[in-house]
Amino acid sequence: MNESASTDPALRTEALEQLLTERGLVSPEVVDGFVAKYERDVGPMIGARVVARAWTDPAYKARLLADAVPAIQEVAWGGGANGEHIVVVENTAAEHHVVVCTLCSCYPWPVLGLPPSWYKEPAYRARVVREPRAVLREMGMELPPEVRVTVHDSSAEVRWLVLPRRPEGTADHTEEQLAALVTRDAMVGVATVTA
Amino acid sequence: MEVTIPGVSDLGGTRGHHRVPVPDPAEPPFAAWWESRAFALAAFAMGRISGRNLDAFRLTLDRLPRDRYFDDGYFGRWLHAAERMLVESAILAPGAVTARARRLAGETVVEPAAPEPAKPDYAATGPGSLRTVDTPPAFAPGGCVRPVRGLRLPGYLRGRLGVVEAVRPAHVLPDTHAVFAGEHPQHVYTVSFTSRELYGSGECFTVTAELFESYLESA
């Protein structure tokens with residue numbers, strides 16, 4: 001028995017794709033197309049455009065915070081898997097929101113794409129609901145003690161998007177310039193946006 | 001069929017974990033080529049090919065042995081869960097993937113014959129998981145509740161006193177949907193918990209979670 005051949009996930013993946021392809025259940029081209037969608041088309045640049053619009057248009061921001069999915073759809077496609085009902089929460093000088101899924105790695109795919117590796121780490125999933133300030137500090141974000149912290153555990157189908165604080169010194173930035181500053185990590189609540 | 005509380009996936013609040021790495025903003029969606037293929041194959045397998053659903057996929061992930069869940073990372077557990085669902089629906093014979101992997105590694109292996117597919121007798125009543133229900137919500141914002149049971153109830157919240165923050169749209173109930181016993185949509189509530197209620201000491205903060213109506217009792 002070749003133990004490594006049967007346990008290597010790369011070989012098992014190749015084996016599974018061959019078996020399903022031979023049965024006519026998938027085709028490599030369809031797999032390619034699905035992968036390309038999540039490598040190129042669906043990602044945090046969508047959420048960044050939503051955030052930049054909210055920073056520059058108070059009426060849009062109000063709509064976004066009240067009912068996020070229609071507001072997201074004003075900017076980009078915003079429905080579908082892992083994003084049927086999205087709630088946006090705003091980080092301020094007084095309130096900080098951070099998102100996790102302790103049971104798996106549920107994440108708002110339509111606006112942020114696939115989750116980054118740290119979001120899927122057992123350490124993040126376990127610890128951010130027990131010691132969020134310590135976890136954020138390890139990740140490079142120090143919160144002042146007076147800031148109220150709320151951790152959102154995406155345990156059902158509701159998905160959360162954080163509206164980060166607009167950085168200082170960006171008063172004359174266009175919406176497009178602002179969108180370029182917004183990071184995936186800031187929209188999950190583990191980083192600040194800097195100019 | 002009653003499904004019991006979460007298994008291997010229920011990590012919230014558990015101890016003994018290492019530090020969380022500093023994020024790399026330029027990290028690509030897939031760390032390796034096989035991860036992207038496993039992602040797509042699992043996505044197709046969970047619905048169209050196996051005739052199962054997303055809740056069944058999550059339950060399958062939750063029931064993986066620890067090594068299958070943790071050792072190959074996120075897309076590794078997707079791969080292992082997809083393979084199990086395909087075997088359960090008799091799309092693949094048990095051992096078929098192992099046999100093919102060993103052949104790919106150059107061994108001479110007899111592969112099992114493809115079985116007669118046996119998909120679950122189940123069809124979704126609509127796309128996605130949002131549904132409408134006719135009954136009014138049993139709980140209102142501001143109400144005190146205690147989650148007591150439920151497939152998607154994180155263990156660290158069970159029995160803890162929480163406050164209803166919002167009533168969300170009704171969703172398909174994973175507890176029955178995952179085992180093909182009907183969608184039984186229910187109201188979903190965002191419930192908040194104080195860190196003091198959850199842990200008694202340590203950092204001061206709030207946790208929110210979305211919980212189905214049948215998970216909750218008035219408190």
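How far apart do the C-alpha centres of domain 1 and domain 2 of chain A lie? The legends below describe a predicted model, and the first legend gives the answer.

**Figure 1. Chain A is assigned two domains.** Domain 1 of chain A covers residues 3–40, and domain 2 covers residues 42–188. Their C-alpha centres lie 32 Å apart. The C-alpha atoms of chain A fill a box of roughly 60 × 35 × 30 Å along the principal axes. Twelve helices and four strands are found in this chain. Of its 195 residues, 51% are buried. When contacts in chain A between residues at least 6 apart in sequence are considered, 70% of them join residues at least 24 apart.

**Figure 2. Chain A and chain B touch each other through many residues of several elements.** On one side 66 residues of chain A take part, in contact with 70 residues of chain B. Helices 1 (3–7), 2 (9–22), 3, 8 (117–120), 9 (122–127), 10 (132–138) and 12 (184–188) of chain A each give two or more residues to the side that touches chain B, as does strand 3 (148–153) of chain A. Helix 2 of chain A supplies the largest share, twelve residues. By class, the residues on the chain A side divide into 33 nonpolar, 14 polar and 19 charged.

**Figure 3. Helix 3 of chain A crosses helix 1 of chain B.** Two packed helices are described by the angle between their axes and the distance between the axes. Here the axes of helix 3 (residues 28–41) of chain A and helix 1 (residues 33–49) of chain B come within 9 Å and cross at roughly 105 degrees. The two helices are therefore roughly perpendicular to each other. From helix 3 of chain A, the residues Val31(A), Phe34(A) and Val35(A) take part in the contact. They meet Ser36(B), Arg37(B), Phe39(B), Ala40(B), Leu41(B) and Ala43(B) in helix 1 of chain B. This contact has seven nonpolar, one polar and one charged residues.

**Figure 4. An open sheet of seven strands includes strands of chain A and chain B.** Strands of a sheet pair through backbone hydrogen bonds, either parallel or antiparallel. In this sheet the order is 2(A)-3(A)-4(B)-3(B)-2(B)-1(B)-5(B), and the pairing is mixed. Strand 2 (95–100) of chain A and strand 5 of chain B stand at the edges; each has a single partner strand, so one side of each is left without a neighbour in the sheet. From one strand to the next, the twist averages 35 degrees.

**Figure 5. Strand 3 of chain A pairs with strand 4 of chain B.** These two strands run parallel and are joined by four bridges. Thr150(A) has Thr206(B) as its bridge partner in strand 4 of chain B. Val151(A) stands opposite Val207(B) in that strand of chain B.

**Figure 6. Strand 1 of chain B pairs with strand 2 and with strand 5 of chain B.** Strand 1 and strand 2 (residues 162–171) of chain B pair in the antiparallel sense over two bridges. Within this pairing, Val163(B) is the bridge partner of Cys144(B). The pairing of strand 1 with strand 5 (residues 216–218) of chain B is also antiparallel, over three bridges, and Arg146(B) stands opposite Glu217(B). The side chains of strand 1 (residues 144–147) alternate. Val145(B) and Pro147(B) point to one face and are buried, whereas Cys144(B) and Arg146(B) point to the other face and are not.

**Figure 7. Helix 5 of chain B is largely enclosed by the rest of the structure.** Seven of the nine residues of this helix (residues 96–104) are buried, so the helix is largely enclosed. The buried residues are Ala96(B), Val97(B), Thr98(B), Ala99(B), Arg100(B), Ala101(B) and Arg102(B). Just after the helix, Gly106(B) takes a positive phi of about 100 degrees.

**Figure 8. Ala90(B) and Phe180(B) have positive phi values although neither is a glycine.** Ala90(B) lies in the loop between helix 4 (73–88) and helix 5 of chain B, and its phi is near 55 degrees. With 15 C-beta neighbours inside 10 Å, Ala90(B) counts as partly exposed. Phe180(B) lies in the loop between helix 6 (174–177) and strand 3 (186–194) of chain B, and its phi is about 60 degrees. Phe180(B) has 17 C-beta neighbours inside 10 Å and therefore counts as partly exposed.

How values were computed
Residues numbered from 1 in each chain as written. Chains lettered and ligands numbered in written order. Predicted model: local features only at pLDDT ≥ 70, side-chain atom pairs only at ≥ 80, totals over all residues. Domains from an automatic or database assignment. Buried ≥ 20, exposed ≤ 12 C-beta atoms within 10 Å, placed from the backbone. Contact = placed C-beta atoms within 7 Å. Pairing = 2+ DSSP bridges. Axes fitted to C-alpha atoms, helices over the stretch in contact; angles between N-to-C directions. Parallel < 35°, antiparallel > 145°, perpendicular 65-115°, else oblique. Nonpolar A, V, L, I, M, F, W, Y, C, P; charged D, E, K, R; others polar.
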